[in-house]
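Visitor: I am new to this structure and would like a close look at a single part of it. Could you choose one helix, take me through it slowly, and then show me how the surroundings fit in?

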Amino acid sequence: MHKVLRLLTKSLPGIMSAQRSIRYFPNPKPDYQRETGTPVIPIEDLKKGLNEILENITRHIKPIEKNGGNGIYLGAAGIAYMYYHLSKVPTLESKRSAFLNKAVEYLKPALMVASCTAHKKKDVPSFILGNCGIYAVAASIFHATGDEAQSKQYIQMYYEAASICKEFNFLSCGSDELFVGRAGYVLGALWMSKETNTPLPQQEIYDLCKIIVQSGRNYSKRHQLPCPLMYAYYQVEYLGAAHGLCSILQTLISVPGYLEASPTDAADIKRSIDYLLSLQGDEGNFPAATDEIGYQPELVHWCHGAGGTIYLMAKAYLVFKEDKYLQSCVRMADLIWNKGLLKKGPGLCHGVAGNGYTFLLMFRLTGDVKYLYRALEFYNFMNSSDFKNAARTPDNPHSLYEGLAGTACYVADLTHPNTAHFPFSDVFTL
């Protein structure tokens with residue numbers, strides 16, 4: 001169905017052109033000028049804005065079982081993660097205990113729902129949409145509160161799901177992508193290990209990486225594709241972060257020691273990254289899927305396009321030390337400055353905060369204060385009348401990935417940009 005809909009939209013160029021013209025607000029701000037000096041971070045104003053967002057979220061979303069489903073993407077577990085994320089921001093240290101208490105409060109209904117769905121074995125390993133994401137967030141929150149018994153319990157539950165992922169095609173829709181597949185499971189394991197300061201089960205993770213690589217090889221050979229590794233989710237060969245190649249490759253190069261331990265796999269992984277790099281368009285963007293190669297890429301989102309692909313290229317730059325990856329990031333950041341003020345709302349997946357995070361990434365990667373200026377201006381635009389009056393309301397306006405919970409993480413991170421990172425995607429530590 002995904003592929004049929006995509007083909008139908010390609011047959012309606014007039015309609016698609018009209019849709020494309022309204023995807024983003026023209027950026028009204030001039031770009032950074034060196035003579036203006038280092039941007040001043042308005043910490044108190046940001047804290048005030050953050051408090052207003054948190055009040056909005058807690059007023060509309062209660063920590064009850066009805067809101068406990070849909071994993072960390074849309075559910076209460078995502079709001080629990082938001083409070084955990086805030087508890088780790090140095091400039092918000094005075095509220096750490098209060099944030100952790102709220103994190104536990106919103107975690108409880110998610111754990112209740114997870115306990116009722118644990119019998120659906122193939123859904124358990126899902127990191128973004130299912131149980132394992134909830135387990136990882138729970139383990140990290142309980143570790144932060146000092147409840148090591150519960151933390152260890154959820155760590156164990158997380159790793160027990162590895163056996164499900166080892167079934168080569170454990171999901172009929174596609175077993176390797178970020179939201180429900182093996183890449184998400186491995187990335188979640190890396191994140192949880194770091195957050196809880198517990199050892200990563202290295203061999204288990206290496207085994208899953210080998211399956212991911214072999215799965216990508218098999219698919220590519222079967223379809224005679226030019227990229228050594230390729231994957232499909234609901235029969236679409238996605239390239240972006242949400243369901244596609246870039247987040248799978250980012251996960252593989254993030255596993256400590258795996259490239260060195262598996263040189264043949266490493267060669268195919270790097271060749272696949274370089275293939276994806278070759279698809280970067282004149283504006284700096286990337287196609288959302290292989291069936292869009294040759295067209296002008298239009299989606300400037302985290303889920304599809306430059307807003308998510310930039311994390312792969314940043315990680316590749318850190319791992320391989322080749323300037324071409326950094327230059328790819330520079331081009332993506334410039335594109336996002338021009339076309340990243342999305343009309344879809346303030347969220348992470350396909351909103352302004354998600355694109356704003358690319359500037360915080362680039363600030364940490366390069367030390368160039370231009371990117372800090374851009375990040376602050378994206379926040380300022382979300383407070384403008386143009387945005388408030390004309391932006392669309394997301395389907396889930398208070399959630400982590402679509403709504404205000406993700407925006408809250410962004411606003412908090414603006415107060416301390418030296419440690420800022422998109423949720424679960426800190427390329428400097430993962």
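Guide: Let us begin with helix H7, keeping in mind that this is a predicted model. At 1.5 Å a residue, the 15 residues of H7 should span 21 Å, and because its end C-alpha atoms are indeed 21 Å apart, the expected and the computed span agree. Of those 15 residues 12 are buried, so H7 is largely enclosed by the rest of the structure. The buried residues of H7 are Asn131, Cys132, Gly133, Ile134, Tyr135, Ala136, Val137, Ala138, Ala139, Ser140, Ile141 and Phe142. What they pack against is a set of helices, namely helix H4 (71–74), helix H5 (76–87), H6, H8 and H10. After H7 comes Gly146, a residue whose phi is positive, near 90°.

One of the partners of H7 is H8, and H8 deserves a look of its own. Helix H8 covers residues 148–160, and its 13 residues should span 18 Å at 1.5 Å a residue, which agrees with the 18 Å between its end C-alpha atoms. Buried in H8 are Ser151, Tyr154, Ile155, Tyr158 and Tyr159. Seen down the axis of H8, these buried residues fall within an arc of 135°, so they line one face of the helix. The general background is that an α-helix has 3.6 residues a turn, so residues three or four places apart point the same way. On the other side of H8, Ala149 and Lys152 are exposed. The buried residues of H8 pack against helix H6 (96–117), helix H7 (131–145), helix H9 (162–165), helix H10 (182–196) and helix H11 (202–222). H6 and H10 therefore appear in the packing lists of both H7 and H8.

From here we can step back to the chain in which these helices sit. The protein chain holds 20 helices and zero strands. With 430 residues, a compact globule would have a radius of gyration near 22 Å, and the 20 Å of the protein chain agrees with that. Along its principal axes, the C-alpha trace spans about 50 × 50 × 40 Å. Of the 430 residues, 59% count as buried, while the area that the protein chain exposes is about 17100 Å², with carbon and sulfur atoms supplying 52% of it. Among contacts between residues at least 6 apart in sequence, 70% join residues at least 24 apart.

The loops offer some single residues to set beside the helices. Asn285 is found in the loop between helix H14 (263–278) and helix H15 (306–320), and at 1% relative accessibility this residue counts as buried. A polar atom of the Asn285 side chain lies 3.2 Å from the backbone oxygen of Leu299. Leaving aside neighbours within four places in sequence, Asn285 is in contact with Leu279, Gln280, Pro297, Glu298, Leu299, Val300, Gly305, Ala306 and Leu335.

Thr290 is also found in the loop between H14 and H15, but Thr290 is partly exposed, with a relative accessible area of 21%. Beyond its neighbours within four places in sequence, Thr290 is in contact with Met230, Glu237 and Leu239, and with the side chain of Glu237 the side chain of Thr290 makes a polar contact at 2.5 Å. Thr290 and Phe320 are 30 residues apart in sequence and, C-alpha to C-alpha, 25 Å apart in space.

Phe422, in the segment after helix H20 (404–414), is buried, with a relative accessible area of 2%. Although Phe422 and Gly308 are 114 residues apart in sequence, their C-alpha atoms are 9.9 Å apart in space. Apart from neighbours within four places in sequence, Phe422 is in contact with Trp302, Tyr311, Leu348, Gly354, Tyr357 and Tyr401.

Two further loop residues complete the tour. Gln235, in the loop between H11 and helix H12 (245–254), has a phi near 70°, a positive value in a residue other than glycine, and at 61% relative accessibility Gln235 counts as exposed. Lys321, in the loop between H15 and helix H16 (323–339), has a positive phi near 60°, and Lys321 too is a residue other than glycine. Lys321 is exposed, with a relative accessible area of 63%.

Definitions and conventions: Residues are numbered from 1 along each chain as its sequence is written. This is a predicted model: local features need pLDDT of at least 70, side-chain atom pairs count only at pLDDT 80 or more; totals for chains, interfaces and linings use all residues. Side-chain values use heavy atoms; hydrogens and water are left out. Helices (H or I, at least four residues) and strands (E, at least two) are DSSP runs, numbered from the N terminus. The expected span of a helix is 1.5 Å times one less than its number of residues. Buried means under 20% relative accessible area, exposed over 50%, partly exposed in between (1.4 Å probe, protein chains only). The arc is that of the directions from the helix axis to the C-beta atoms. Contact means heavy atoms within 4.5 Å. A polar contact is a pair of N or O atoms within 3.5 Å; within protein, one must be able to donate a hydrogen and the other to accept it, and residues adjacent in sequence count only if both atoms are side-chain atoms. The radius of gyration is taken over C-alpha atoms; the globule rule is 2.2 Å times the number of residues to the power 0.38. Accessible areas come from the Shrake-Rupley method with a 1.4 Å probe; for residues, only the protein chains shown count as cover.
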